[in-house]
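Grab a pencil and get ready for a few short exercises. Each one sets a task and then walks through a solution.

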Amino acid sequence: AGLRSFVPDGGFAVGPDPAVPQVFWVTALGGHGLSTSYAVGEAAAALMTTGSHRWQAALDPGRFSLTSVC
């Protein structure tokens, strides 16, 4: 849809939802989706298949409480 989404620290949010682990987020790319799609896709695939990635802590959607994002 071309919508730009953001989180408070300006980083990306890639990983399982802390409240609903069946939901996997790839969001908050803030307009950088096209230029970062390969690396973000690679990180998302690693997190989905192995559960870890070198950027895991920086990308973790759980670094925010639900009230801080809403």
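## Warm-up: Gly41

Gly41 counts as partly exposed, at 35% relative accessibility. Here buried means under 20% relative accessible area, exposed over 50%, and partly exposed in between (1.4 Å probe, protein chains only). Gly41 is found in helix H1. From Gly41 to Gly51 it is 10 residues in sequence and 14 Å in space, C-alpha to C-alpha.

Before going on, some ground rules. This is a predicted model, with local features needing pLDDT of at least 70 and side-chain atom pairs counting only at pLDDT 80 or more, while totals for chains, interfaces and linings use all residues. Residues are numbered from 1 along each chain as its sequence is written, and side-chain values use heavy atoms, leaving out hydrogens and water.

## Exercise 1: the overall fold

Task: work out how many helices and strands the protein chain has, and in what pattern they follow along the sequence.

Solution:
- Step one: count three helices and two strands. These are DSSP runs, numbered from the N terminus: helices are H or I with at least four residues, strands are E with at least two.
- Step two: read along the sequence, and you get β-β-α-α-α.
- Step three: check the radius of gyration, which is 12 Å, close to the 11 Å that the globule rule gives for 70 residues, so the chain is as compact as a globular protein of that length. That radius is taken over C-alpha atoms, and the rule is 2.2 Å times the number of residues to the power 0.38.
- Step four: add the spans of the C-alpha trace along its principal axes, about 30 × 30 × 20 Å.

## Exercise 2: the core

Task: find which residues make up the largest nonpolar core.

Solution:
- Step one: look for buried Ala, Val, Leu, Ile, Met, Phe, Trp, Tyr and Cys residues joined through side-chain atoms within 4.5 Å.
- Step two: list the eight residues, Phe12, Val14, Leu29, Val40, Ala43, Ala44, Leu47 and Leu59. Helix H1 (residues 33-49) gives the largest share, four residues.
- Step three: follow Val14, whose contacts (heavy atoms within 4.5 Å) beyond its neighbours within four places in sequence include Val40, Ala44, Leu47 and Leu59.
- Step four: set this beside the general picture. In soluble globular proteins, nonpolar side chains tend to be buried together.

## Exercise 3: the salt bridge

Task: locate the salt bridge and say which parts of the chain it ties together.

Solution:
- Step one: search the whole structure for a side-chain nitrogen of Lys or Arg within 4 Å of a carboxyl oxygen of Asp or Glu. One salt bridge turns up.
- Step two: name the partners, Arg63 and Asp9, with their closest N and O atoms 2.9 Å apart. Arg63 sits in the loop between helix H2 (56-59) and helix H3 (66-69) and Asp9 in the segment before E1, so the pair ties together parts that are 54 residues apart in sequence.
- Step three: check exposure. Arg63 is partly exposed at 27% relative accessible area, and Asp9 is partly exposed too, at 47%.

## Exercise 4: an odd phi

Task: is Ala28 buried or exposed, and what is the sign of its phi?

Solution:
- Step one: place Ala28 in the loop between E2 and H1.
- Step two: read its relative accessible area, 4%, which makes Ala28 buried.
- Step three: note that phi of Ala28 is near 65 degrees, a positive value in a residue other than glycine. Most residues other than glycine have a negative phi.
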